[in-house]
Amino acid sequence: MHPNFDSGHSFINSEDAGSFQVDWTHRLLTTRDALAPSNTLLADLLPDDDGPVRMIAILDQGLVTAHPELPTQVQLWAEANPRSVRLVGDAVIVPGGEQAKNDFGVFNTTAQAINERGICRKSFVLAAGGGAVLDAVGYAAASTHRGVRMLRMPTTTLAQADAGIGVKNGINAYGKKNFLGTFSPPWAVVNDTNLLTSLSDRDWRSGLSESVKVALLKDPDFFEELQRLATRTRQRDLDAMEMIVRRTACLHMDHIVHGGDPFELTIARPLDFGHWSAHKLEQMTNFEVAHGEAVAIGLAIDLTYAAMMGRLDESILRSARRCLIDLGFSLDHPALEHHDLLLEGLREFREHLGGRLTITLIEDLGRPVDVHEIDLGTMRRAIDDVRTAAMNESSRAG
Ligand SMILES: NC(=O)c1ccc[n+]([C@@H]2O[C@H](COP(=O)([O-])OP(=O)(O)OC[C@H]3O[C@@H](n4cnc5c(N)ncnc54)[C@H](O)[C@@H]3O)[C@@H](O)[C@H]2O)c1
Ligand SMILES: [Zn+2]
């Protein structure tokens, strides 16, 4: 303590600091038929030091509509594993899609179930659904009792490849994406690839833009593989999709576990390549454009910008755009006409991440680069160029 009397005031300046580390194992398991009574993968994940864990299940309505047997399956799975788990009450079914995180509905339903069914910090919330439901349920689980354990079962391609792997949750508020939320790693993530077969074509394809993103950033071989498998995947080949989802998920996982910044405390956010405009486009279209679709357009914009700035070879831009189109994405949307509004996304992106503006581009396959200034004139030209190329493409195809 160093009292300081020199200016007539009395300060007591003191510093007591200590550092601590929290050890966490981030688990991702891939299976088929996770809830079959004979599949012990989920039960084996649960802690066995204090009797069966109490658990509630929260299921995405869209998932249950496609798999009406699911609530009963959860029940039968729990009954087949009495030493590991005790299900408290029936599964709770919540609306799926972005509406799940556009208000407090799913958050409140989850918090209320946790409260009314006596779920404690050692109990579990099993959440199965798309990224939106996982985000909203995850936020409620992370906030109640300051953190109830969560088992995530992502059931869309985007959630299995990306959203479900992340250590974040959140809901949209005040007109901003993910404005409320926390960093909170799940107990485990279990990808059941059989559940993907019921997705609409849009949701089947949606996660693949995140695959292109992470391949361009980190894995040139994977990018080649994506180009090779694009048409097969668009035609709903489950084996191809399974391979792509697993490889994408592993790249995301590897980044979180070995990237040195799981809670995103530094300014660089490479996995948000293509996302500043994607988030804005989702919001501008009232979420009519899905996250994965917006990311495909966002990637095309940032790649075009990088090429126009002379930082990226044109041939890479062309093959990335081609790959996105072959996977089934449209790279145009009428909302792109509103440059000023779209460019607001840059400011909001900076505000959300904090610190100075940092946008990740690529200079080559597998070679990301952070830039801190954007030439707005060039970015406007890049947006127009993406639109024009997409229109030419569709008139050629049509
Ligand atoms: N937390 C993170 O780290 C993170 C990362 C990336 C994206 N996200 C978020 O994820 C969300 C997008 O997730 P999404 O692409 O999974 O979309 P989504 O959650 O909106 O789901 C899309 C639709 O699929 C339905 N559905 C889910 N599983 C199904 C199945 N197996 N069969 C049939 N229908 C099914 C849902 O009901 C919904 O209607 C966005 O809100 C995005 O911001 C979060
Ligand atoms: Zn994303």
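**Exercise 1.** Is helix H12 largely enclosed by the rest of the structure or not, and why?

*Solution.* First, a note on what you're looking at: this is a predicted model, where local features need pLDDT of at least 70, side-chain atom pairs count only at pLDDT 80 or more, and totals for chains, interfaces and linings use all residues. Residues are numbered from 1 along each chain as its sequence is written, while chains are lettered from A and ligands numbered from 1 in the order in which they are written.

Step 1: find H12, residues 291-308; helices are DSSP runs of H or I with at least four residues, numbered from the N terminus.

Step 2: check burial. A residue is buried if 20 or more other C-beta atoms, placed from the backbone, lie within 10 Å of its own. For H12 that's 17 of the 18 residues, so the helix is largely enclosed by the rest of the structure.

Step 3: look just past the helix, where Gly 310 follows with a positive phi, near 75°.

**Exercise 2.** Work out where ligand 1 sits relative to the two domains.

*Solution.* Step 1: get the domains. The domain assignment (automatic or from a database) gives domain 1 as 28-199 and domain 2 as 208-397. Their centres, taken over C-alpha atoms, are 28 Å apart.

Step 2: look at the shell. Of its 32 residues, Gly 62, Gly 96, Gly 130, Gly 131 and Gly 166 come nearest to ligand 1; a residue counts as near if its C-beta atom, placed from the backbone, lies within 6 Å. Helices supplying at least two shell residues include H2, H6 and H12.

Step 3: conclude. Both domains give residues to this shell, so ligand 1 lies between them.

Definitions and conventions:
A residue is buried if 20 or more other C-beta atoms lie within 10 Å of its own, exposed if 12 or fewer, and partly exposed in between; C-beta atoms are placed from the backbone.
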